[in-house]
Each structure stands twice: as structure tokens, then as C-alpha cells.
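Here's a walk through the pockets of a protein model, meant for someone seeing it for the first time. Have a look at the structure, then read on.

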Amino acid sequence: MERRIREASEALFPRLVELRRAFHRRPELAYQEFETARTVAAFLDESGIPHRTGIAGTGVVARIDGAHPGPVVMLRADMDALPIVERNAFDFASEIPGSMHACGHDAHTASLLGVASILQSIRAEIRGSVRLVFQPAEELVPGGALRMIEEGVLDPVDGQPAPQLAFGQHVRPDLPVGTIGVRSGAFMASSDTVRIRIRGEGGHAAEPHRLAADAVYVGSQTVIALQAVISRNRPPDAPSVLSFGRFVAGDAPNVLPEEVLLHGTFRAMDDEWRYRAHDLIRRVARHTAEAHGAEADVEIGVGYPALVNDVREAAFVRDAAVRFVGPDRVIDLDRWYVAEDFARYLERVPGCFYMLGVGNEAEGIVHGLHTPRFTLDEEALRVGPAFMAFLAFSRGHAA
Ligand code: NI
């Protein structure tokens, strides 16, 4: 079977490159993936794969029923682009101003179409069935996954039982093309926004002693005090990060503003610490401001949960990867502080989100995700779809 999957994948490769480039050229932002969804549906139609469209707006869900009983395995690709101006010069660079596939969702979508086509060609041998989920809006909190779940993507549909397992893959330019990266347990971070508005008293910068509180000074103390929340309270087994990327103060060097705004992100790997940290952040920010005669309003926006791979399913993915790409091409990953809404599925069903290497230093394919020069080595489209098809097939037979 492994050979059949590889052969089907090789035959499909030029088509998948073409599809990925078409998606790349026409990147659509969250919930606007209309053209992308039409291309997905057209490919599924042409391949004779039943599917439903219009789920969570632009989502598409396809199914492949094997000839033998077995589990329902869900596979997911995200379809949305990012509001970034592309700075690549290739001929399939973004034609949509201010929108770019800078997170590889073009490759995820093309890859899942490849998986669909491969699995359809071997469905007489499949045990159980596969639900293929093309999801909108991964990049927009609270995330398209939540809406897909609300609209039944994890429920029984038309005689197909609820998925018992979920798998997804994401491209990684820091891993060499041809590799697969896996981590068991807590892998990716929860991501919450922290917004603190500090109100002091504005006035002449030469005369801070006349003011009730210098908001810039209080804001600076707040940043420092909040770093101590992490370093002094975080349990040793709960990695987390707090960063303030935005610190908005006044407009002139000699005018102390009345207000400053701190805007940051808090990332954690377990919910107990996550919500305890929220309380500490609120308390320390309020009291730091108060100690200096200012006031702080703290708003914490709860984003994606941490992504936790099931231990058994991560081991299954790792073993399948060792068999499929060879032990020297399987990478055991560190935790990754990026957030991902696939976590929503993994809160409800066991599964694993793993990484597909797309980097190539010799070719200069090294730019990070979410950057204007991000790209990927398309050779990864020989590996990603074939491996995911192999994984779904093998998992059905292992049940
Ligand atoms: Ni992404």
C-alpha cells in the first residue's frame, strides 16, 4: 500500500504545485475564502469525492468511506491568508494587495486535496472513513475551528459517525524539506492578549513633581513588575512568555502624557497556570499603578488554548513518519510558543498536529512564517500529502 500511495502522490505532484500556486496568487483573508473554497469544491467534484460547502461560511467538508469498518479519522487544512504585503518576486506572488499566504495555508489546502485524491484511489482498502476538513479563518481569533465545531464538524453527519481522531499538519521553514517534526503532549501555546491602560496626570516634562503620577514611568514599572509575575510565580513545568510589543505613550519629548497603553501577548502551555497568571497580571498591574498614584485598567482577551497532542496518537504519527520518510528525517520537536486553532479539535478528540519541513537553506528558503518573504520548497508537496494519506490509512488499520 505504501508503494501505491507514493505512486499516486508522484502522479499528483505537478497538479498540487499548480493548485498551491493558484492559491498563493489569490490569497483570501479569514472568512473571505470564497474563490479558494470554489477551487477546493471543484477539485473534489472532479475526483468524485462527496462534500458539503458553506460550513462556517466558506468551509468545505469532504468524506471518503472505506470498504471496511473502522474509525472515523478527521484531517484538517486551513485556507486563510494574512494581511501582509508580499515581498517575493516570483510570478505567482500575491495579486491581492495587502494579502499574502505567509503561513503556508496555500500548501495545507493543496496538500489536503492531494490526500483526498490519494485516499479516494485506495478507498477499497481503507478501514473506517476519513473526514477532510477545509477550514476558514485560522488566523482570526476566536478561529474558524470553533465555528466549524459549532456547525457540526465533530458530530455524526449523514450516517458517518463522529470523528474519533484528528490529525493536522503545518509547514515549518526552519525544518529541512523532506522532514516531519513531532512532539508528544503540550506542543503549542495558548495565546491571550493583555491590554493595560494606565491613567496618570499629564504635564510639563520638566516638572514631574507637580503631577499626581507620570504615566510613562508607571507604565515602565508595570512592564518590569509583570515580568516578575512570570519569573517568580510560574511553576517549573509550565513554560510561558509575556511580551509587550506595543507601548504607546505621548507625542513630544517634553510633554508627559496623561495616559499610556501597554499591549502584549501572554502564552502558556497549561490552563491552570494560564488563568492563575491572568489574575496575577491584573493584580500586579493595578497595584503597581496605585502605588505610584495612577490607575490601571486591565483587559485580558482570551485567545486559542494550548495545543496538546495525545501521547498515543503522537507516538503513532512518529512511528508512521519513521516508516514513511525514514528515521533520519523525523525530528523530535521542542515546544513552540506559536498558537494554532487546531487546539480546539484536540480539546475534544485525541489526535496530533505535526510539522512538515519546507525549508531549504541552499535555495535561500529560510524566511519565517508570517513574514513578507516567507515561501516554501514545493518538494514538500511530494511528502506532505503522501504522508498524511499514509497516516490516515495506517491509523484505520491499527484500530
Ligand atoms: Ni498557520
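## Two pockets to explore

Let's begin with the second largest pocket, whose lining is made up of Arg 6, Ser 9, Glu 10, Gly 178, Phe 324, Val 325, Arg 329, Arg 382, Val 383 and Ala 386. Three elements each give two or more residues to that lining: helix 1 (2-25), helix 7 (311-325) and helix 9 (380-398). Keep in mind as you look around that this is a predicted model.

What sort of residues line this second largest pocket? There are four nonpolar ones, two polar ones and four charged ones. As for its volume, the second largest pocket comes in at about 150 Å³.

Now turn to the largest pocket, which has a volume of about 490 Å³. It's lined by 25 residues, and if you head for its centre, the closest of them are Glu 139, Ser 191, Arg 267, Ala 339 and His 370. Here the elements giving two or more residues to the lining are strands: strand 5 (165-176), strand 8 (190-199) and strand 12 (259-268). Which of the elements gives the largest share of that lining? That's strand 5, with four residues.

The lining of the largest pocket is a mix as well, with 10 nonpolar, eight polar and seven charged residues. And where in the chain does this lining come from? Both domain 1 (2-188 + 306-398) and domain 2 (190-301) have a part in it, each giving at least three residues. So much for the tour; go back to the picture and try tracing both linings yourself.

Conventions:
Residues numbered from 1 in each chain as written. Predicted model: local features only at pLDDT ≥ 70, side-chain atom pairs only at ≥ 80, totals over all residues. Heavy atoms only, no water. 1 Å grid on protein atoms, 1.4 Å probe; cavity = no way out; pocket = protein on both sides within 12 Å on 5 of 7 lines; lining within 4 Å. Points joined across faces, edges and corners; volume = space filled by probe spheres on them. Nonpolar A, V, L, I, M, F, W, Y, C, P; charged D, E, K, R; others polar. Domains from an automatic or database assignment.
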